[in-house]
Amino acid sequence: KWNNKWSTLLEFQYRRDNLVSSAQQNLYRIGINYDGLPNAQIRFGFATATTYPYGEYPINAFGKIFGENRLYEMIAFQQKLSSLQLTHRLMLEQRWTKKFSSKELEKPDLTSYTNRFRYMFRAQLPLGSKKEKKSYLAAFDELFLSFGKNVGENIFDQNRLGILLGYRFSKKF
């Protein structure tokens, strides 16, 4: 936090496949947050990802490593219903994805631009006594929709659903 209205997000996701033996994706994200609105946060940022071939049907048709750069804008709204914390997050992403024109190439030679809209709903419930609210249970659903001239017939990108058990060590960590 820089002050009571501005802060920075620094994030790294180390995604693995086959438990942890195979690389899936590394994602780095940075953002500038504005917290000056009641019950809302606005974020502008940049992300870069490296995706590795994994699974029976790799996301890249040639089964090669490729990169992606993104700019993104986000707004998240918070609301409380008793002790239940609800979050609605809307995000727009401008994506530049590296592609291969031929399977003989070692590095991508093309870049495809697409846009993506994301909507996430999350509910979080503290567990334990009112005094000791460090453990929590959360559930979320996030829908991804692609749009723009480089998107084919299928605008549906993905849907992520999760149920989480968490522990807050402190307000700063």
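**Strands, rings and charges in a predicted model**

Q: In which strand is Phe66 found, and how do you know that this residue is buried or exposed?
A: Phe66 is found in strand E4, a strand being a DSSP run (E) of at least two residues, numbered from the N terminus. At 10% relative accessibility Phe66 counts as buried, because buried means under 20% relative accessible area, exposed means over 50% and partly exposed lies in between (1.4 Å probe, protein chains only). The C-alpha atom of Phe66 is 27 Å from that of Thr8, a residue 58 positions away along the chain.

The model is predicted, so local features need pLDDT of at least 70 and side-chain atom pairs count only at pLDDT 80 or more, while totals for chains, interfaces and linings use all residues. Residues are numbered from 1 along each chain as its sequence is written, and side-chain values use heavy atoms, with hydrogens and water left out.

Q: What makes E1 and E8 edge strands?
A: The open sheet is built from 8 strands in the order E1-E2-E3-E4-E5-E6-E7-E8, with antiparallel pairing, and two strands pair if DSSP finds at least two bridges between them. E1 and E8 each pair on one side only, and they are the edge strands. From one strand to the next the twist averages 20 degrees, where axes are lines fitted to C-alpha atoms and angles run from 0 to 180 degrees between N-to-C directions.

Q: How do you know that E2 and E3 pair?
A: E2 and strand E3 (residues 40-51) are joined over 11 bridges in the antiparallel sense, which satisfies the requirement of at least two, so the two strands count as paired. Gln25 stands opposite Thr51 in E3.

Q: Why is the contact between Trp6 and Tyr34 called tilted?
A: The structure holds 5 aromatic pairs, and in the one between Trp6 and Tyr34 the centres lie 4.9 Å apart with 55 degrees between the planes. Rings of Phe, Tyr and Trp (its six-membered ring) pair if their centres lie within 6.5 Å, and planes under 30 degrees apart count as stacked, over 60 as edge-to-face and the rest as tilted, so this pair is tilted. Trp6 belongs to strand E1 (residues 6-17) and Tyr34 to strand E2 (residues 22-37), so that distant parts of the chain, 28 residues apart, are linked. Trp6 is partly exposed at 34% relative accessibility, and Tyr34 is partly exposed at 22%.

Q: What makes Phe12 and Tyr14 a tilted pair, and which residues form one aromatic cluster?
A: Phe12 and Tyr14 are 6.2 Å apart centre to centre, with planes at 35 degrees, and both values meet the conditions for a tilted pair. Phe12 is partly exposed at 43%, whereas Tyr14 counts as exposed at 51%. Phe12, Tyr14 and Tyr28 form one aromatic cluster.

Q: How do you know that Arg29 lies over the face of Tyr72?
A: Arg29 lies 5.9 Å from the ring centre of Tyr72, and a charge sits over a ring if NZ of Lys or CZ of Arg is within 6 Å of the ring centre and within 35 degrees of the ring normal.

Q: Which residues make up the largest nonpolar core?
A: Leu9, Tyr72, Met74, Ala76 and Met91 are its 5 residues, a nonpolar core being a set of buried Ala, Val, Leu, Ile, Met, Phe, Trp, Tyr and Cys residues joined through side-chain atoms within 4.5 Å. Strand E4 (residues 66-81) provides the largest share of this core, 3 residues.

Q: Why is the contact between Glu11 and Arg29 called a salt bridge?
A: Their side chains meet at 3.0 Å, N to O, and a side-chain nitrogen of Lys or Arg within 4 Å of a carboxyl oxygen of Asp or Glu is a salt bridge, so the contact qualifies. Glu11 in strand E1 and Arg29 in strand E2 are 18 residues apart. Glu11 is partly exposed at 26%, whereas Arg29 is buried at 10%.

Q: What does the salt bridge between Arg118 and Glu93 tie together?
A: The two side chains meet at 2.8 Å, N to O. Arg118 lies in strand E6 (residues 110-127) and Glu93 in strand E5 (residues 84-99), so the pair ties together parts that are 25 residues apart in sequence. Arg118 and Glu93 are both buried.

Q: How many salt bridges are found, and which residues are linked in a network?
A: The whole structure contains 10 salt bridges, and a network of them links Glu68, Arg70, Arg89, Glu93, Arg95, Arg116, Arg118, Glu142 and Asp157.

Note on methods
Helix = DSSP H or I, 4+ residues; strand = E, 2+ residues; numbered from the N terminus.
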